[in-house]
Structure formats: C-alpha cells, structure tokens
Amino acid sequence: MTALLQASGLRKSFGGVHALAGVSFTLERGELLALIGPNGAGKSTCFNVINGQLAADGGRVLLDGVDLAGRRPREIWRLGVGRTFQMAATYASMTVAENVQVALLSRERQLCGWWARASEQHRDEALELLRLVQLHAAADAPCATLAYGDLKTLELAVALAGRPQLLLMDEPTAGMAPGERNSLMALTRELVRERAIGVLFTEHSMDVVFACADRILVMARGELIADAAPDEVRADARVRAVYLGNAMPGAGR
Ligand code: ADP
Ligand code: MG
C-alpha cells in the first residue's frame with residue numbers, strides 16, 4: 001500500500017545554512033510520528049516544506065502518492081494536510097463550539113464572514129468533535145475563559161474539523177505543564193488510531209515523545225540521524241551524542 005506521506009531527498013537552504021540537507025522518511029496511516037532534534041535542526045522547515053509554506057530547493061513530497069510540488073498551502077490543505085495553529089486572538093470572543101463550527105464551515109468554503117451564522121451551522125458535528133477531545137462541557141463558554149491547556153486542546157479540535165488525513169503539529173504543547181502535555185499527546189494518539197490519520201509532531205519533552213510516539217525521527221543540522229522505534233532511538237549512539245545523554249529517558253540504564 002502507498003504510504004500516507006513520502007518525503008524524499010528534501011533540501012532547503014537559507015543562505016549558507018542547510019536547514020534540510022536531503023531528508024527522506026515515510027509516514028503511515030494510523031501512525032504517530034515524532035520529529036525531534038535540537039533548536040535549529042530543521043524541524044519547522046520540514047513542516048513548512050510539507051504543507052507548502054516554503055518551496056523546497058529539491059526533493060519530493062507525496063501525499064497518498066500525489067506529488068505536492070508547486071501546490072499552494074490552501075490546496076495542500078484541501079488535499080488533506082492539516083496543521084495545528086495558535087488560536088487567533090480574533091476568535092477569543094466566540095464560544096468553544098463556534099470556533100470548531102467556523103473551522104467546519106471553512107472546510108466547505110461557506111465562510112461568509114458572518115460569525116453569527118456559525119452559531120447554527122454544524123453545531124452537532126462541532127459538539128461531536130468536542131466530545132472526542134473531551135471539551136464538550138465547555139462548548140458554550142467563551143474561548144477567552146478557557147484555561148491554557150484547554151485552549152491547546154481546542155486547537156486540536158479545530159485542526160480535526162478540517163478533516164485532515166495528515167496532521168502536522170509543530171510544538172502543539174508549547175507552554176503547557178508536563179502533565180497536560182502527556183494527556184494532549186495521549187489523546188492525539190487515540191485519535192490517530194481511531195480516525196486512521198497520520199500525525200507528525202515536534203515536542204520538547206522527551207518523556208512525552210518516548211511515551212507517545214510510535215516512531216521517532218531525529219534531526220541534527222538538517223540531516224536525519226535516526227528513524228526508528230523509541231527503544232532503538234534511545235539506544236542510538238549518534239542520538240545520545242546530540243542530546244549529550246541528558247534528555248533521553250532511560251539513558252544510561
Ligand atoms: P527547528 O524548528 O528544528 O528549531 P528550523 O527549521 O526553524 O529549526 O531552522 C533550521 C535552520 O534554518 C536554523 O539555522 C534557522 O536559523 C534557519 N532558518 C529557518 N527559517 C529561516 C528563514 N526564514 N530565514 C533564514 N534562516 C532560517
Ligand atoms: Mg521549530
């Protein structure tokens with residue numbers, strides 16, 4: 001079967017910096033794949049090339065066998081590549097459910113700028129998505145009243161409203177407490193299984209990465225230095241060298 005995502009030989013330079021120096025990997029449906037590496041390793045550049053925000057200097061990205069080269073971000077999104085984004089301040093005045101409803105409307109290109117309409121359309125579907133991420137109790141609360149962790153969870157529901165096949169999550173848990181990070185990624189893992197979508201995510205907490213990811217890609221200076229299951233990555237000498245053995249759970253055990 002064709003992999004959901006196939007990236008091959010991705011290259012991108014900024015001046016003399018090789019942010020991506022020939023990166024190749026695949027991602028299957030139902031897989032939660034972590035992309036880790038020190039700051040500046042090229043993780044965000046990799047996300048931006050996949051979703052079309054940046055044009056690669058070389059290499060190919062295939063989604064379900066379809067070449068994404070030369071396509072604009074909006075078109076790539078319509079083909080099924082979603083991403084979580086920081087909730088815009090404009091949406092703070094809307095309720096939790098309305099935010100999801102607007103995302104559902106946007107999927108259908110019915111967004112006319114009349115926020116009021118969102119309060120009727122797709123209400124049931126929005127509530128279903130909110131139930132999925134365990135935010136339904138807060139459906140009618142204004143977004144501005146949400147705790148930070150719940151806002152990050154809402155970002156996930158909004159991304160799912162776009163019905164992605166592949167979801168890109170670049171630091172989805174930024175600013176969250178350790179416990180909250182674990183629950184958001186554990187929830188994401190359940191959704192990946194349940195909906196048979198693929199998720200590529202970055203995360204600073206190694207505990208969360210090693211507990212939740214099915215497979216881990218490790219980048220350093222634009223290159224992929226490991227692509228393996230958590231146990232194998234934990235034991236990898238090159239990976240340990242990059243992390244100096246410090247941040248790896250179980251390192252030295
Ligand atoms: P990461 O997300 O792993 O921290 P990035 O992909 O953001 O890494 O950055 C990889 C390298 O590319 C870094 O050296 C960064 O400074 C450089 N870089 C990223 N984006 C740009 C840009 N728009 N202009 C110039 N340099 C950039
Ligand atoms: Mg980054």
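Start by selecting S44 and ligand 1: a backbone N or O atom of S44 sits 2.9 Å from an oxygen atom of the ligand. Keep in mind as you click around that this is a predicted model.

Stay with ligand 1 and add G40 to the selection. Here a backbone N or O atom lies 2.7 Å from an oxygen atom of ligand 1. Now add T45, where the contact comes from the side chain: one of its N or O atoms is 2.5 Å from a ligand oxygen. If you switch on a surface, the protein covers 58% of the 560 Å² of accessible area that ligand 1 has on its own.

Next, show the whole shell around the ligand. Select F14, V17, A19, P38, N39, G40, A41, G42, K43, S44 and T45, the residues that surround ligand 1. Colour them by type and you get five nonpolar, five polar and one charged. Then colour by secondary structure. Which elements each supply at least two residues of this shell? They are β2, residues 17-27, and α1, residues 43-50. Helix α1 gives the most, with three residues.

Follow the chain out of α1 and stop at G52. You're now in the loop between α1 and β4, the strand at 58-63. Is G52 buried or exposed? Its relative accessibility is 19%, and the cut-off for buried is under 20%, so G52 counts as buried. To see what is around G52, select R71, P73 and I76, which are in contact with it once you leave aside neighbours within four places in sequence. Put a distance label between the C-alpha atoms of G52 and A69 as well: the label should read 8.0 Å, for two residues 17 apart in sequence.

Time to zoom out. Show the whole protein as a cartoon and you'll have 10 helices and 10 strands on screen. Of its 253 residues, 49% count as buried. Take the contacts with a separation of 6 or more: 65% of them are between residues 24 or more positions apart. With the surface on, the accessible area comes to about 11600 Å², and 50% of that belongs to carbon and sulfur atoms.

Now pick out helix α5, residues 123-132, and show the side chains of A126, L127, L129 and L130, which are buried. Turn the view until you look straight down the helix. The buried residues of α5 fall within an arc of 160°, so they line one face of the helix. What covers them? Bring up α3 (96-107), α6 (148-161) and α7 (178-195), which are among the elements that do. Before leaving, step just past the end of α5 to Q134, which takes a positive phi of about 60°.

That backbone angle makes a good theme for the last stops. Most residues other than glycine have a negative phi.

Select A196, in the loop between α7 and β8 (198-201). A196 is not a glycine, yet its phi is positive, at about 50°. Its relative accessibility of 42% makes A196 partly exposed.

Finish at R221, in the loop between β9 (215-220) and β10 (223-228). R221 is another residue other than glycine with a positive phi, near 45°. Buried or exposed, this time? At 77% relative accessibility, R221 counts as exposed.

Methods
Residues are numbered from 1 along each chain as its sequence is written. Chains are lettered from A and ligands numbered from 1 in the order in which they are written. This is a predicted model: local features need pLDDT of at least 70, side-chain atom pairs count only at pLDDT 80 or more; totals for chains, interfaces and linings use all residues. Side-chain values use heavy atoms; hydrogens and water are left out. A residue is near a molecule or strand if one of its heavy atoms lies within 4 Å of it. A polar contact is a pair of N or O atoms within 3.5 Å; within protein, one must be able to donate a hydrogen and the other to accept it, and residues adjacent in sequence count only if both atoms are side-chain atoms. Accessible areas come from the Shrake-Rupley method with a 1.4 Å probe; for residues, only the protein chains shown count as cover. Helices (H or I, at least four residues) and strands (E, at least two) are DSSP runs, numbered from the N terminus. Ala, Val, Leu, Ile, Met, Phe, Trp, Tyr, Cys and Pro count as nonpolar, Asp, Glu, Lys and Arg as charged, and the others, Gly among them, as polar. Buried means under 20% relative accessible area, exposed over 50%, partly exposed in between (1.4 Å probe, protein chains only). The arc is that of the directions from the helix axis to the C-beta atoms. Contact means heavy atoms within 4.5 Å.
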